[in-house]
Amino acid sequence: MVAHITTVAFNGIEAHPVDVQVMISPGKMGISIVGLADKAVAESKERIQAALHATGLSMPVKKVTVNLAPADLPKEGSHYDLPIAVGLMVAMGIIPSDMVEQFVILGELSLDGTIAAVNGVLPAGMGAVALGKGLICPEACGGEAAWASADMELLAPYSLLALVNHCKGSQVLSRPKPVLLTDNTKLPDLSDIKGQAPAKRALEVAAAGHHNLLFVGPPGAGKSMLAERLQSILPPLDPRELLDVSLIKSIAGKMDGQVSLHRPFRSPHHSTSMAAMVGGGLKARPGEISLAHNGVLFLDEFPEFSPQVLDSLRQPLETGQCTIARANHHVKYPARFQLVAAMNPCRCGMAGEPGHVCARGPRCQTDYQARISGPLLDRIDLRIDVPALTANDLMRSEKAETSAVVAGRVAAAREMQKRRYAAIGVDGIRTNGECPAAIIENIAQLDGPSQKLIRDISEKMRLSARAYHRVLKVARTIADLSTSEKIGRVHVAEAVSYRLGSERMVALAS
């Protein structure tokens, strides 16, 4: 008799079905696992034997062969423990096959027979729904799995013994409830920042149109504080975005038992490696750019990152996804993030400040800013200088505008964009920053004075085609913030002003 149990193998955030075939045959006692399994899967036989013994069962005094089909699909991780153990118990006649054949099963076994949490339960649940099956997963992951579908049959046993008792009818496992949405986290508020009105305006424009943003200023000017408050003015995740974010967190093992509508905010240290940033490693896990999907990737001390790491962001910024190609992996992760960066103008940090002269002269600023390549800077829509605050700025008592007020304007502007793109039948595009060049030319119609202004600026600054279209996108966003359907000269002038600093830096980097 061959027992068949369904589990999954992960490729990115997709779950591919795997048929776990277990056969007991005459021969030397032991378990043999075949089917392109990695070390964690090969070691599962030791955990399974110990878990069966702790449950009060013994291994058959025969040869046990486990085949993970399809055999050419790599199998990684410890979540194959439970399906192999269940398949073995079906082959031994302990569990009726009809009790588990309509389930996708995954979980890691402990030596005492308890079932430990594993990564990827949510995409496994989505895969089970696609197959028309239920899901059996660890109790610790039940709340996460319940998000896959309200109609999916779901079992989340604490131990192997509880699952056996449920299948025999001596115990009933109740369906876990979905983990709760939590928005109790207190986000930093814009009202905490004194002064810096131009930088706050640039932050609002970036939030309204999903534009990339770069703050440049001396130490202590408030660049990091501004970036950390972007999350508080962005609209909450919609259901589809929430599902995408949760799928990535589940694969990465970042689900903490709660689901939040706040957009992700990732701030990796400047020593981050390329594999940690874009994804990869031994099991091609998602990197920081994928964990920031539908949210913000904040890179503080921008030039201190490795130039190779920074340039690896160029393709994901354009395509919205990251493809990790290795000898034994080819994985795609979504990576539609908003890049926000902060940097000092030079190595000593004070270039351009009144009364300060760099010890190395102009070369200090040139060499430091040249660490960022021109093509990457070309993909940053807004660049704003953040000057040092004076004592008078810090001592002012007037209350600054709160994040809630700014978030209201951002939400209204995004709603205009959403309706506009829905009206022209563009799928998957909701903000101006994501809009393709061919479409932005149609929806960003300029009047005569605006056309003359952007033509003169483009010729004088020798804007690339990408830079030209990004100026149009920012101008369209600025017009949306003012609830204007038409783009005027003042909107184009503001959009160009945000581009001037980037073009100067491109010249230094070239």
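The questions and answers below concern strand pairing, nonpolar cores, a helix and a pocket in a predicted model.

Q: What makes strands S10 and S17 a pair?
A: Two strands pair if DSSP finds at least two bridges between them. Strand S10 (residues 213-216) is joined to strand S17 (residues 338-343) by four bridges, so the criterion of at least two is met. The two strands run parallel, and Leu214 stands opposite Ala341 in S17.

Q: How do you know that S10 also pairs with S18?
A: Four bridges link S10 to strand S18 (residues 382-385), in the parallel sense; the requirement is at least two bridges, and therefore this is a pair as well. Val216 of S10 stands opposite Asp385 in S18.

Q: Why are the residues of S10 called buried, and which way do they point?
A: Leu213 and Phe215 point one way from S10, while Leu214 and Val216 point the other way. All of them are buried, which means that each has under 20% relative accessible area.

Q: Why is the set that contains Leu213 and Phe215 called a nonpolar core?
A: A core of this kind consists of buried residues, Leu and Phe among the permitted types, joined through side-chain atoms within 4.5 Å. The largest such core has 54 residues, and Leu213 and Phe215 have the most contacts inside it. Helix H20 (residues 465-481) gives the largest share of this core, eight residues. Another core, of 53 residues, lies apart from it and includes Cys141, Ala145, Cys322 and Ile324. In soluble globular proteins, nonpolar side chains tend to be buried together.

Q: What makes Val340 and Ile384 contacts of Phe215?
A: Contact means heavy atoms within 4.5 Å. Leaving aside neighbours within four places in sequence, Phe215 is in contact with residues including Ala199, Leu203, Leu226, Val340 and Ile384.

Q: Which residues of helix H6 are buried, and what covers them?
A: In helix H6 (residues 160-168), the buried residues are Leu160, Ala162, Leu163, Val164, His166 and Cys167. Their cover includes helix H2 (44-55), helix H3 (81-91) and strand S8 (134-136). After H6 comes Gly169, with a positive phi near 90°.

Q: What makes up the lining of the largest pocket?
A: The largest pocket holds about 730 Å³ of space. It is lined by 27 residues, and the closest to its centre are Asp238, Glu241, Asn294, Arg430 and Glu434. Helix H17 gives the largest share of the lining, four residues. By class, the lining has seven nonpolar, eight polar and 12 charged residues. Asp, Glu and Arg count as charged and Asn does not, so Asn294 is classed as polar.

Definitions and conventions:
Residues are numbered from 1 along each chain as its sequence is written. This is a predicted model: local features need pLDDT of at least 70, side-chain atom pairs count only at pLDDT 80 or more; totals for chains, interfaces and linings use all residues. Side-chain values use heavy atoms; hydrogens and water are left out. Buried means under 20% relative accessible area, exposed over 50%, partly exposed in between (1.4 Å probe, protein chains only). On a 1 Å grid over the protein atoms alone, a cavity is a set of points where a 1.4 Å probe fits but cannot get out, and a pocket is an open set with protein on both sides within 12 Å along at least five of seven lines; lining residues have an atom within 4 Å of a point. Grid points are joined across faces, edges and corners, and a volume is the space filled by probe spheres set on the points.
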